[in-house]
Amino acid sequence: MRDLTRAIAAGALLTTLLLSGCASGAPDAASEDSGSKGALAMSYAGMDIQIWVDTLEFMKPIVEDAGYELLSDDPQWDIQSQVSNWQGWIQRGDVEAIMGYPVQSDSLIPVTSEAAAANIPVVGYASKWDGVEYALLLDSFEDGRTLGRQAGEWVVDTLGDGAVPVVVMANRSVDLPRERAEGIEAGLAETAPNAKVVDISATSRDEGYSAAQTQLIADPETKAWLAIGDDASLGAYRALVDSGVAVDNPDYLVSSLDATNESLDIIKIPESIWRFGYILPAKALAEANAQMLIDAAEGNLDADVVLQSIVVDASNADEYYVR
């Protein structure tokens, strides 16, 4: 039911963002007469990632206050859908800049060239590809490494320095998750060199839940669960609790990057098994994204922006809620 609610929320947001124009078609006369500077487009690979939904909510008023309309899409991790959406934006005639996180970087090169031919700058989110000069860059490997090091210290202190299984959940077919997962493993190798990494492909909450159930059958002693994003860890956490693990069991660890309100609630439980997380605050991401889009549209973008994750635990969780 929670997944359905989140899906409805994401759909409602996208409907709001696209009310004044779908991914293709010309702008209507009302927008032309309103004095708008045009439209700015933000494209994530899919809207099943909660932090991307939150970020768009923060971006919308910033972009509108600057005199632009904000467009977005939901390619649902399908590269052909993403390319088609971008082509629709190019054809509209009023899109002044596009920013995006690609499903597949190489496959966006041709449509990026189409945008350049139409004098529409393209800004990267978390990565660059041919035709993209500037991007908001997330130090994905270092973020993962920092989490892995902290998790490894906990593993050795709590479970010993033997061949302890540590689950790392990520979809390694996509650049950012793969880099984060590799960083987690590097961090673990530094602080818990004998730990046995269990590589599980999981992105969504449902995938995290199913993967945890399967792993617990294969090895009931699996007690450390890490993920490159909040959703998979939320699924694993629920599977652990449903299997009988107490929310304050001192021998379990759950953690992830991209903490959200829901995981912050869990982190705040006294002695929670979700002992810490890492967060790129949605508001900070939104402010950086929106400003880069505005600067690109107005010819003022001249540098990358690099953001790094912040550790969050029970002592500072209240500071990072999305309100």
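Student: Let's start with two helices: in which hand of crossing does H6 pass H7?

Tutor: Happy to help, and keep in mind that this is a predicted model. Helix H6 covers residues 140-159 and helix H7 covers residues 175-191; their axes come within 6 Å and cross at roughly 35 degrees. The crossing of H6 with H7 is right-handed.

Student: How many nonpolar, polar and charged residues make up the contact of H6 with H7?

Tutor: On the H6 side, the contact includes Phe141, Gly144, Leu147 and Arg149. On the H7 side, Leu176, Glu179, Gly183 and Ile184 are among them. Sorted by kind, the residues of this contact come to eight nonpolar, seven polar and seven charged.

Student: Now the strands, please. What is the order of the strands in the open sheet of four?

Tutor: Strands of a sheet pair through backbone hydrogen bonds, either parallel or antiparallel. In this open sheet the pairing is parallel. Strand S7 (196-200) and strand S9 (253-256) are the edge strands, as each pairs on one side only. Read across, the order is S7-S6-S8-S9.

Student: By how many degrees are neighbouring strands of this sheet turned against each other on average?

Tutor: Here the direction of the strands is ignored. The average for neighbouring strands is 20 degrees.

Student: Which residue in S9 stands opposite Trp225?

Tutor: Strand S8 takes in residues 224-227, and four bridges join S8 to S9. These two strands run parallel. Standing opposite Trp225 in S9 is Val254.

Student: At about what angle does helix H9 run to S9?

Tutor: Helix H9 is made of residues 230-242. H9 lies across S6 (165-169), S8 and S9. Its angle to S9 is about 165 degrees.

Student: Lys223 catches my eye. Is Lys223 buried or exposed?

Tutor: Lys223 sits in the loop between helix H8 (205-218) and S8. Leaving aside residues up to four places away in sequence, Lys223 touches Leu159, Pro165, Asp251, Tyr252 and Leu253. The cut-off for burial is under 20% relative accessible area. Because the relative accessibility of Lys223 is 18%, this residue counts as buried.

Student: Stepping back to the whole chain, what percentage of the contacts with a separation of 6 or more is between residues 24 or more positions apart?

Tutor: The protein chain has 323 residues, of which 53% count as buried. Its secondary structure comes to eleven helices and twelve strands. Among contacts with a separation of 6 or more, residues 24 or more positions apart account for 76%.

Note on methods: Residues are numbered from 1 along each chain as its sequence is written. This is a predicted model: local features need pLDDT of at least 70, side-chain atom pairs count only at pLDDT 80 or more; totals for chains, interfaces and linings use all residues. Side-chain values use heavy atoms; hydrogens and water are left out. Buried means under 20% relative accessible area, exposed over 50%, partly exposed in between (1.4 Å probe, protein chains only). Contact means heavy atoms within 4.5 Å. Two strands pair if DSSP finds at least two bridges between them. Axes are lines fitted to C-alpha atoms, for helices over the stretch in contact, and angles run from 0 to 180 degrees between N-to-C directions. A crossing is left-handed if the near helix is turned anticlockwise from the far one by less than a right angle, and right-handed if clockwise. Ala, Val, Leu, Ile, Met, Phe, Trp, Tyr, Cys and Pro count as nonpolar, Asp, Glu, Lys and Arg as charged, and the others, Gly among them, as polar.
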